[in-house]
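Work through the exercises below with the model open. Each task is followed by a stepwise solution.

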Amino acid sequence: MSDIMKSLAASASGMAAQSARLRLSAENIANSDTPGYQRKMTVFEQVFDDALSPGVRTGGIELDRSAFDRIFDPSNPLADETGFYDGSNVNLMVELADAREAQRSYEANLKMFEQAKSMTTSLLELLRR
């Protein structure tokens with residue numbers, strides 16, 4: 001596989017991984033008010049093989065093990081005898097920062113992909129002459 005094709009493949013794998021990360025961040029934000037919801041995180045794995053060298057892929061989804069927010073609302077049907085119930089363990093500031101980082105990484109991979117595509121197009125134009 002040519003170096004330009006490898007760079008296209010690496011950029012595409014990075015965009016796919018960041019897209020998965022952004023999806024999980026959006027899911028966490030949407031469920032931040034759901035009682036008992038655990039924050040989901042994705043794990044990245046570096047890939048080295050002949051078809052995609054180098055690259056990245058998502059290795060699966062992990063649940064955040066941090067403590068749930070304790071919410072006092074005695075009228076809530078989920079409340080215990082003390083009037084508290086477990087909220088979610090999603091921190092909106094962390095999720096927004098994570099989403100922004102995933103967006104920036106996606107954009108960087110897209111720029112790299114466009115640059116490699118432009119180089120390929122220029123090379124083909126030179127070979128046609």
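Helices here are DSSP runs of H or I with at least four residues, numbered from the N terminus. The model is predicted.

**Exercise 1. Place Glu125 and describe helix H2.**

Which helix holds Glu125, and what does its side chain meet?

Step 1. Find the element. Glu125 sits in helix H2, residues 92-128.

Step 2. Check accessibility. The relative accessible area of Glu125 is 36%. Buried needs under 20% and exposed needs over 50%. Glu125 is therefore partly exposed.

Step 3. Look for a partner. The side chains of Glu125 and Arg128 make a polar contact of 3.0 Å.

Step 4. Test the helix span. H2 counts 37 residues and covers 53 Å between its first and last C-alpha. The expected value at 1.5 Å a residue is 54 Å, and the span is close to that.

Step 5. List the buried positions. In H2 these are Glu95, Asp98, Ala99, Ala102, Asn109 and Ala116. Helix H1 (3-30) is among the parts that cover them.

**Exercise 2. Examine the start of H2 and the loop before H2.**

Is Asn89 buried or exposed, and which backbone oxygen does its side chain reach?

Step 1. Locate Asn89. The residue lies in the loop between strand S4 (84-86) and H2.

Step 2. Apply the cut-off. Asn89 has a relative accessible area of 7%, so Asn89 is buried.

Step 3. Follow the side chain. It reaches the backbone oxygen of Asp64 at 3.1 Å.

Step 4. Survey the neighbours. Leaving out residues up to four places away in sequence, Asn89 touches Tyr37, Gln38, Arg39, Asp64, Ser66, Ala67 and Phe68.

Step 5. Move to the helix start. A side-chain oxygen of Asn91 comes within 3.0 Å of the backbone nitrogen of Met93.

**Exercise 3. Assign the nonpolar surface patch.**

Which element gives the most to the nonpolar patch?

Step 1. Name the members. Ile29, Leu92, Met93 and Leu96 make a nonpolar surface patch of about 380 Å².

Step 2. Assign the contributions. H2 gives the most, with three residues.

Step 3. Check one member. Leu92 belongs to H2. Its relative accessible area is 40%, so Leu92 is partly exposed.

**Exercise 4. Trace the salt bridges.**

How many salt bridges does the structure hold? With which residues does Arg21 pair?

Step 1. Recall the principle. Side chains of opposite charge can pair when their charged atoms come close.

Step 2. Take the total. The structure holds nine salt bridges.

Step 3. Start at Arg21. Arg21 bridges to Asp98, with the closest N and O atoms 2.5 Å apart. Arg21 is in H1 and Asp98 in H2, 77 residues apart, so this pair links distant parts of the chain. Both Arg21 and Asp98 are buried.

Step 4. Add the second partner. Arg21 also forms a salt bridge with Glu101, at 3.3 Å from N to O. Here H1 and H2 are linked across 80 residues.

Step 5. Contrast the ends. Arg21 is buried at 11% relative accessible area, whereas Glu101 is partly exposed at 45%.

Step 6. Turn to Glu27. Glu27 and Lys40 meet in a salt bridge of 2.7 Å, N to O. Glu27 lies in H1 and Lys40 in strand S1 (residues 40-47), so the pair ties together parts 13 residues apart in sequence. Glu27 is partly exposed at 29%, and Lys40 is partly exposed at 25%.

Step 7. Assemble the network. Salt bridges with shared partners join Arg21, Arg39, Asp64, Glu95, Asp98 and Glu101 into one network.

Key:
Residues are numbered from 1 along each chain as its sequence is written. This is a predicted model: local features need pLDDT of at least 70, side-chain atom pairs count only at pLDDT 80 or more; totals for chains, interfaces and linings use all residues. Side-chain values use heavy atoms; hydrogens and water are left out. Helices (H or I, at least four residues) and strands (E, at least two) are DSSP runs, numbered from the N terminus. Buried means under 20% relative accessible area, exposed over 50%, partly exposed in between (1.4 Å probe, protein chains only). A polar contact is a pair of N or O atoms within 3.5 Å; within protein, one must be able to donate a hydrogen and the other to accept it, and residues adjacent in sequence count only if both atoms are side-chain atoms. The expected span of a helix is 1.5 Å times one less than its number of residues. Contact means heavy atoms within 4.5 Å. Patches are made of residues with over 30% relative accessible area and no salt bridge: like charges are joined within 9 Å, nonpolar side chains (Val, Leu, Ile, Met, Phe, Trp, Tyr) within 5 Å. Accessible areas come from the Shrake-Rupley method with a 1.4 Å probe; for residues, only the protein chains shown count as cover. A salt bridge is a side-chain nitrogen of Lys or Arg within 4 Å of a carboxyl oxygen of Asp or Glu.
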